[in-house]
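Please read the following report alongside the sequence and the coordinates. It treats local backbone geometry before turning to the contacts between chains.

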Amino acid sequence: MNQYSSFESMTQTQLMNCINEISFALDDLLLYLDTHPYDCNALQYVNQFIRQRNTAVDIYSRRFAPLTIDHAEVAQDGAWNWILQPWPWEITGKGGCCSCGTMKKDCNTR
Amino acid sequence: MKSTCRNTQSAQIFRSDPLASFPIAMAYVPWQSFHKLYDFHEGLSRGTIFPELDKPFCGRRGGYS
Amino acid sequence: MWNYEKRLQYPVKITTPNAKIATFIMSQYGGPDGEIGASMRYLSQRFTMADRRVCGLLTDIGTEELAHLEMVSTIVHQLTRNLSMDEIEKSGFGPYYIDHTVAVWPQAAGGVPFNACEFQSKGDPITDLHEDLAAEQKARSTYDNILRVVGNMPEIADPIRFLRAREVVHYQRFGEALRMIQDDLDSRNFYGYNPAFDRPATCLPATDTCQQ
């Protein structure tokens, strides 16, 4: 059930959308399995979904930003990207969390 | 006043009630079986990958006199 | 324990603030039928479920509700960005603003702060699962009420519709969990003993003293 072309060629937004979609399918399937732990059909799908999700998350974390602490290796520029990359509730470019990262005196959100 | 009671009514209901064999004084939700799934995009958009659990809301205020 | 993933379960991108709608939607954060209550209810109840599969289900749904409270608080946060004092004062958001500025704080739309009275964890599996079935329907009804207000605003309505759909699915899962608990009990009398607390007993009306 591989519904996507290569994760390596997607934009950040496209890849995040894929991760949301696959992860959600897995979330819903996991709850079904909690009450149907021996259902062959569900069990057949779940391994595929897990593999696809892990691949997508690995590639996203390598290409763009870490999604989990397990993927939070130090970036090539030596910075701790886990904390510096935007958080999920921020709308980029429209304020929210101060993006300058530290309380520098020229931070314009003060 | 003519009586409208029907002695056989409870028997009729009993025969056609699919839960007739279940013990009373308890609630029962039927088991879901595995059928076709939505594709990933549709699933996220609908809020479930199971079409049989997709029960949207269409309510609008009104219907009062 | 919990890990965190830096994304929302369903994306929330609200570009037009609206303080009035924020006061309505915050009920699904800290209100009587909201997502904080749901999460705390299930994560609390899981310790006294007689069946391991039901403990697991409560853990998994309780965890998903954490993701949902994050979505709802994101919606409230995005709806209260860049508000003018005029909008704050005229929208009905004023009283909340006085105590919280535009911070996110768990309360109901009517002002009652989130508290543990908004859920029960009774320690009897049949009772707790009925509480859970009811909780999912109450949340669904609250989302219905919100959709009547925001149905024509896709930025807000889309994540709300998603959250509402989850309530229906959770209801089905709790119903199946109740069937599992029933299967482990004597169907002649489901209420003869509490399987999470008592030793098993055969308890039928014909016997004056319960057999154990």
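Asn82(C) is exposed, because 10 other C-beta atoms lie within 10 Å of its own, whereas a residue counts as exposed at 12 or fewer. In this predicted model, Asn82(C) sits in the loop between α4 and α5 (85–90) of chain C, and its phi is positive, at about 55°, although Asn82(C) is not a glycine.

Thr101(C) also has a place in a loop, the one between α6 (94–100) and α7 (125–150) of chain C. The phi of Thr101(C) is positive, at about 50°, although this residue is not a glycine, and Thr101(C) is exposed, with 10 other C-beta atoms within 10 Å. The two residues are set side by side below.

| Residue | Phi | Loop in chain C | Other C-beta atoms within 10 Å |
|---|---|---|---|
| Asn82(C) | about 55° | between α4 and α5 (85–90) | 10 |
| Thr101(C) | about 50° | between α6 (94–100) and α7 (125–150) | 10 |

Chain C also takes part in an interface with chain A, in which 23 residues of chain C are in contact with 20 residues of chain A. On the side of chain C that touches chain A, α4 (52–79) and α8 (154–183) of chain C each supply at least two residues, and α4(C) gives the most, with nine residues. When that side of chain C is sorted by class, it has six nonpolar, seven polar and ten charged residues. The helix α4(C) thus appears twice in this account, as the element that gives the most to the side of chain C that touches chain A and as one of the two helices between which the loop with Asn82(C) is found.

Chain A is in contact with chain B as well, through eleven residues of chain A and nine residues of chain B. The elements that give two or more residues to the side of chain A that touches chain B are α1 (12–35) and α2 (40–63) of chain A, and of these α1(A) gives the most, with seven residues. By class, this side of chain A has five nonpolar, three polar and three charged residues.

As for the partner in that second interface, chain B has two helices and zero strands, and 14% of the 65 residues of chain B count as buried.

Definitions and conventions: Residues are numbered from 1 along each chain as its sequence is written. Chains are lettered from A and ligands numbered from 1 in the order in which they are written. This is a predicted model: local features need pLDDT of at least 70, side-chain atom pairs count only at pLDDT 80 or more; totals for chains, interfaces and linings use all residues. Two residues are in contact if their C-beta atoms, placed from the backbone, lie within 7 Å. Helices (H or I, at least four residues) and strands (E, at least two) are DSSP runs, numbered from the N terminus. Ala, Val, Leu, Ile, Met, Phe, Trp, Tyr, Cys and Pro count as nonpolar, Asp, Glu, Lys and Arg as charged, and the others, Gly among them, as polar. A residue is buried if 20 or more other C-beta atoms lie within 10 Å of its own, exposed if 12 or fewer, and partly exposed in between; C-beta atoms are placed from the backbone.
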